[in-house]
Amino acid sequence: MALVDVVVMAAGKGTRMKSSMPKVLHRVGGRALLQHVIDTAAQINARRVVVITGHGAEEVEASLQAQTGLQCVRQMPQLGTGHAMQQAVPVLADDGITLVLSGDVPLIQTNTLHALLKACDGQHLALLSLQTDTPTGYGRLVRNADGAVQAIVEEKDANPAQRQIQEIYSGMMAVPTRLLRGWLARLDNHNAQQEYYLTDVVKFAVADGCSVQAHCISEAWQVEGVNNPVQLAALERAFQHLQAQRFMNEGVRLADPARFDVRGSLTCGQDVEIDVNCVFEGVVHLGDGVRIGPNCCIANCNIQGGAVIHAFTHIDGDKLGVTVGEGALIGPFARLRPGAELGPEVHIGNFVEVKNSTLAK
């Protein structure tokens, strides 16, 4: 397969978020929406990741500064998705596949992207589509009698028959860069929005005899974006549901998967039990047989085998970390702060706070 260069659309204003923060920096599972997309790109071994910034560009670019192998290009002003891609193609090489992703669609899965790249195969235009009962507001995939994709029609430009179509475009595509470059040069803004639509490359591909493939999925959460706080909250729950399913499949016992939040990195040994309303942040490890009571907040902590953390305990190791030894009993209503090093079988009772202290067995 050809080398893959990922282009992430992250220039939008996000007016409906009603926030001073750029939309792509709002968080799901403790990470920025944009960071989820960049992390997924890393999992498919992208050669290059190009982020298109625009609204709040300085803030977005500052958040990415420490990351290697990543380049930002600016879209100023924002004249549509096609115009955004025109800013990115000068930094892309013609020998690769361009994979276009959205910076506000954080839950796209790597296996889906691999399937999309396979459909592209270095020679086709491949679109990621969704079959849905609620297509309102999205571009529709128009197929001919043989089922081949002929065009993507945006909602505002669609006729009544096209609005009945239930296969919608996700905003993601994979396309040979050498072909994309020529199609972008032919874009115009003769449409209801007076914008340059990236989706117009479909009609150019059809006109040039290039096969247009569509990889269709049915899991809406994979391609749902964030436009307002309601959608952000819904994606947070979808993300946490995925986390809960993964941990339970690995043997962790969750009292209620719907009341479980991981906002960082959590690893668990065997026979771990976690009660309701627990939040894990930063880097947390739970050893074999650890039991976490209800309503606990635990961040940056190593809890060793057999320890019990009773209800309403707050542990935050921050940069120094916290260690809880084997068989220790903590809480209820205890607080462990940075630098707390507790040996095996240590007991910390209710309303006790420990910071920068080492307690032996």
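What follows is a working chat about a predicted model of one chain.

Trainee: Quick overview first. How many helices and strands does the chain have?
Mentor: Seven helices and 26 strands. Keep in mind that the model is predicted.

Trainee: And what does the C-alpha trace span along its principal axes?
Mentor: About 75 × 40 × 40 Å.

Trainee: What share of the residues counts as buried?
Mentor: 47% of the 361 residues. The chain exposes about 16500 Å². Carbon and sulfur atoms supply 48% of that area.

Trainee: What about contacts between residues at least 6 apart in sequence? How many of them join residues at least 24 apart?
Mentor: 46% of them.

Trainee: On to the sheet. What is the strand order in the open sheet of six?
Mentor: The order is β12-β14-β16-β18-β21-β24, and the pairing is parallel.

Trainee: Which strands are at the edges?
Mentor: β12, residues 253-254, and β24, residues 347-348. Each of these pairs on one side only.

Trainee: Take β12, then. How many bridges link β12 to β14?
Mentor: Two, in the parallel sense. Strand β14 covers residues 273-274.

Trainee: Which residue stands opposite leucine 254?
Mentor: Isoleucine 274, in β14.

Trainee: Changing topic: cysteines. How many disulfides are there?
Mentor: Zero, by the distance rule. The cut-off is a pair of cysteine sulfur atoms within 2.5 Å.

Trainee: Where does that leave cysteine 268? How far is the nearest cysteine sulfur?
Mentor: 11 Å away, on cysteine 278. Cysteine 268 is in no disulfide.

Trainee: And cysteine 296? Which cysteine has the nearest sulfur?
Mentor: Cysteine 278 again, with its sulfur 4.8 Å away. Cysteine 296 is in no disulfide either, because a pair must be within 2.5 Å.

Trainee: Is cysteine 296 buried or exposed?
Mentor: Buried, at 0% relative accessibility. Cysteine 268 is partly exposed, with a relative accessible area of 23%. The buried class needs under 20%, so cysteine 268 falls outside it.

Trainee: Last topic, the surface. Which residues form the nonpolar patch with about 350 Å² of accessible area?
Mentor: Phe312, Phe333 and Phe351 together.

Trainee: Where does phenylalanine 312 lie?
Mentor: In the loop between β18 and β19. Those strands are residues 308-309 and 314-316. β18 is also one of the strands in the open sheet.

Trainee: Why can phenylalanine 312 qualify for a patch on accessible area?
Mentor: Its relative accessible area is 45%, so it passes the patch cut-off of over 30%. Phenylalanine 312 still counts as partly exposed, because exposed means over 50%.

Technical notes: Residues are numbered from 1 along each chain as its sequence is written. This is a predicted model: local features need pLDDT of at least 70, side-chain atom pairs count only at pLDDT 80 or more; totals for chains, interfaces and linings use all residues. Side-chain values use heavy atoms; hydrogens and water are left out. Patches are made of residues with over 30% relative accessible area and no salt bridge: like charges are joined within 9 Å, nonpolar side chains (Val, Leu, Ile, Met, Phe, Trp, Tyr) within 5 Å. Accessible areas come from the Shrake-Rupley method with a 1.4 Å probe; for residues, only the protein chains shown count as cover. A salt bridge is a side-chain nitrogen of Lys or Arg within 4 Å of a carboxyl oxygen of Asp or Glu. Helices (H or I, at least four residues) and strands (E, at least two) are DSSP runs, numbered from the N terminus. Buried means under 20% relative accessible area, exposed over 50%, partly exposed in between (1.4 Å probe, protein chains only). Two strands pair if DSSP finds at least two bridges between them. Contact means heavy atoms within 4.5 Å.
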